[in-house]
Amino acid sequence: MFWNEPAECMPQEERRQLQNERLQQTVRRCYEQVPAYRKKLDDAGIRPADIRGVDDLKHLPFTTAEDLRENYPFGMFAARLEDIVRVHSSSGTTGKPKVVGYTRRDIDTWAELMARTIACGGGWKHDIIQNAYGYGLFTGGLGIHYGAEKLGATVVPISGGNTKRQVMIMQDFGCTMLACTPSYALVIADTAAEMGIDLRELPLKYGIFGAEPWTDSMRKEIESRMGIRATDIYGLSEVSGPGVASGCEAQNGLHIFDDHFIPEIIDPATLEVLPPGSQGELVFTSLTKEAFPILRYRTRDITRLHHDPCPCGRTHCRMSRVTGRTDDMLIIRGVNVFPSQIESALMAIEGTEPHYLIVVDRDKGRLDELEVWVEVSPGVVSDKVRRLEAFEKQVAAELNSALGLGVKVRLVEPKTITRSEGKAKRVIDRRELGS
Ligand code: DLL
């Protein structure tokens, strides 16, 4: 079902026209209302009138997380504080959070895009949506909440945590859709199993999962354990929150709502724009935001763009599943390693669970070491020690061949690795300490 068929299935030529008009307005707004943008454009010798449409995008300077931090907290806002009705922030790993603001119209636009997202994931007015994304400064909770209300669905604003209660509510209320991070979905599935509840027998039918990288095999695992259709949803606070892009029933990448955000893919090293289909860093320019318009924002997320038609009928450009971030790539003895590669390899090995932790250390000889802690499935624990050792070797060999790098594997018992109610933390890098 389409929430907004005319917008989602608009002929691409027509959408291009709309993008051109909206881009001109956005650039003008940034230049007139935000001193930091005015300075950047002046420094680059660009006047708003020089930008007539999407083809001129390449002339605009990039915006980075550092720009947001330098203007912390409200320096990048393009509306008066009295017109801003909400702020959110993204925690990041170091330093001050990135703060974003919304006017009333921004909140309405965001709710519209979230209504589209929920509909892309299979949800509709008659659905009961269990919203287990965290409510608060994080955009997940309130983003889904407003979209679900706009759609006319029934929201259960349970937020993250208290997992047994999640399962009880899911069963008692007959929730038909679940929204949370994919790692938390697995925690809910484990908890339900412990409680002796088979989620496949409940009315639950759909799930919209995102806010962290996950693999297609993890999607299939969630689908089979919960008996649902799981859809990948993508977004980031700087661009609005969830509701930037969403998968659909074709499971064919994520539709970027490009009547509101223009994507580009660049080479993070040379900053050059790459042709369609190339892998690189995703960059976004907003087209309709009032309080926090953003020009060529470098997301650090790695993906590809696709412009071929999708069987679902939506004409939006699509992005592949995000495989990682330029800043979570580990370089181990010169080899580039993404946590998602480790996850894909583990998911293919029978007897391991999708709960893992990557520990990077530097030994005395100053060589980096990669150790992967992997939870084994319950049946495997009771096995004989000798068999466990052999299994550990097998897992290490599989990772070795997937990464092209020697890896130490530590098999751990089920439930040893700390579970997350929000975004999972998969990497511990000890190299900065003491070296
Ligand atoms: O995570 C917004 C969101 C909430 C998206 C709920 C989806 C669902 P931030 O906290 O600002 O916003 O984090 C944004 O999370 O740049 C990506 O690195 C990562 N991310 C978000 N969605 C996905 C996804 C929200 N589907 C950062 N796959 C982004 C992979 C994702 N990574």
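These are my notebook entries on helix contacts, enclosed spaces and a few backbone details in this structure, which is a predicted model.

**Entry 1: H2 against H3**

I began with helix H2 (residues 12–33) and helix H3 (residues 35–43), whose axes come within 5 Å. Their crossing angle is roughly 105 degrees. Angles of 65 to 115 degrees count as roughly perpendicular, and H2 and H3 are therefore roughly perpendicular to each other.

Next I listed who meets whom. On the H2 side I found Val-27, Cys-30, Tyr-31, Glu-32 and Gln-33, and on the H3 side Pro-35, Tyr-37, Arg-38, Leu-41 and Asp-42. Sorted by class, this contact of H2 with H3 holds six nonpolar, one polar and three charged residues.

**Entry 2: H5 against H6**

How far apart are the axes of H5 and H6? I read 7 Å for helix H5 (residues 104–120) and helix H6 (residues 139–151), which pack at an angle of about 80 degrees. That angle makes H5 roughly perpendicular to H6.

H5 brings Ile-107, Asp-108, Trp-110, Ala-111, Glu-112, Met-114, Ala-115 and Ile-118 to the contact. From H6 I noted Thr-139, Gly-143, Ile-144, Tyr-146, Gly-147, Ala-148, Lys-150 and Leu-151. The contact of H5 with H6 splits into 10 nonpolar, three polar and three charged residues.

**Entry 3: H7 against H8**

My third pair was H7 and helix H8 (residues 182–194), with axes that come within 9 Å and cross at roughly 75 degrees. H7 and H8 are therefore roughly perpendicular to each other.

Thr-163, Lys-164, Gln-166, Val-167 and Met-170 make the contact from H7, while Tyr-184, Val-187, Ile-188, Thr-191 and Ala-192 make it from H8. By class I have six nonpolar, three polar and one charged for the contact of H7 with H8.

**Entry 4: the cavity**

Then I turned to empty space. Rolling a probe the size of a water molecule over the atoms shows where such space is left. How many cavities of 30 Å³ or more are there? The count comes to one. The largest cavity has a volume of about 80 Å³.

I wrote down its lining: Tyr-102, Asp-106, Thr-109, Trp-110, Leu-113, Ser-240, His-260, Phe-261, Thr-288 and Lys-289. H5 gives the largest share of that lining, four residues. The classes in the lining of the largest cavity are four nonpolar, four polar and two charged. I recognised Trp-110 from the contact between H5 and H6, and here Trp-110 lines the largest cavity.

**Entry 5: Ser-240**

One residue of that lining, Ser-240, got its own look. Where does Ser-240 lie? I found Ser-240 in the loop between strand E7 (229–236) and strand E8 (241–246). Is Ser-240 buried or exposed? Buried means under 20% relative accessible area, and Ser-240, at 5%, therefore counts as buried.

Setting aside neighbours within four places in sequence, I have Ser-240 in contact with Tyr-102, Trp-110, Thr-139, Phe-261 and Lys-289. Tyr-102, Trp-110, Phe-261 and Lys-289 also appear in the lining of the largest cavity.

**Entry 6: the second largest pocket**

I put the volume of the second largest pocket at about 550 Å³. Its lining has 24 residues, and those nearest its centre are Arg-16, Val-54, Ile-262, Pro-263 and His-307.

Which elements each supply at least two residues of this lining? I noted H2 and strand E10 (261–266). H2 has the largest share, at five residues. The lining of the second largest pocket divides into 11 nonpolar, six polar and seven charged residues.

**Entry 7: backbone details**

Last, I went through some backbone angles. Tyr-72 and Pro-73 are joined by a cis peptide bond, with omega about -10 degrees. Pro-73 sits in the loop between helix H4 (65–70) and strand E1 (84–90).

Asn-162 has a positive phi, near 50 degrees, and is a residue other than glycine. I placed Asn-162 in the loop between strand E4 (154–156) and helix H7 (163–173).

Ala-211 also shows a positive phi, near 85 degrees. The loop that holds Ala-211 runs between strand E6 (206–210) and helix H9 (216–226). With a relative accessible area of 31%, Ala-211 is partly exposed.

Key
Residues are numbered from 1 along each chain as its sequence is written. This is a predicted model: local features need pLDDT of at least 70, side-chain atom pairs count only at pLDDT 80 or more; totals for chains, interfaces and linings use all residues. Side-chain values use heavy atoms; hydrogens and water are left out. Axes are lines fitted to C-alpha atoms, for helices over the stretch in contact, and angles run from 0 to 180 degrees between N-to-C directions. Angles under 35 degrees count as roughly parallel, over 145 as roughly antiparallel, 65 to 115 as roughly perpendicular and the rest as oblique. Contact means heavy atoms within 4.5 Å. Ala, Val, Leu, Ile, Met, Phe, Trp, Tyr, Cys and Pro count as nonpolar, Asp, Glu, Lys and Arg as charged, and the others, Gly among them, as polar. On a 1 Å grid over the protein atoms alone, a cavity is a set of points where a 1.4 Å probe fits but cannot get out, and a pocket is an open set with protein on both sides within 12 Å along at least five of seven lines; lining residues have an atom within 4 Å of a point. Grid points are joined across faces, edges and corners, and a volume is the space filled by probe spheres set on the points. Buried means under 20% relative accessible area, exposed over 50%, partly exposed in between (1.4 Å probe, protein chains only).
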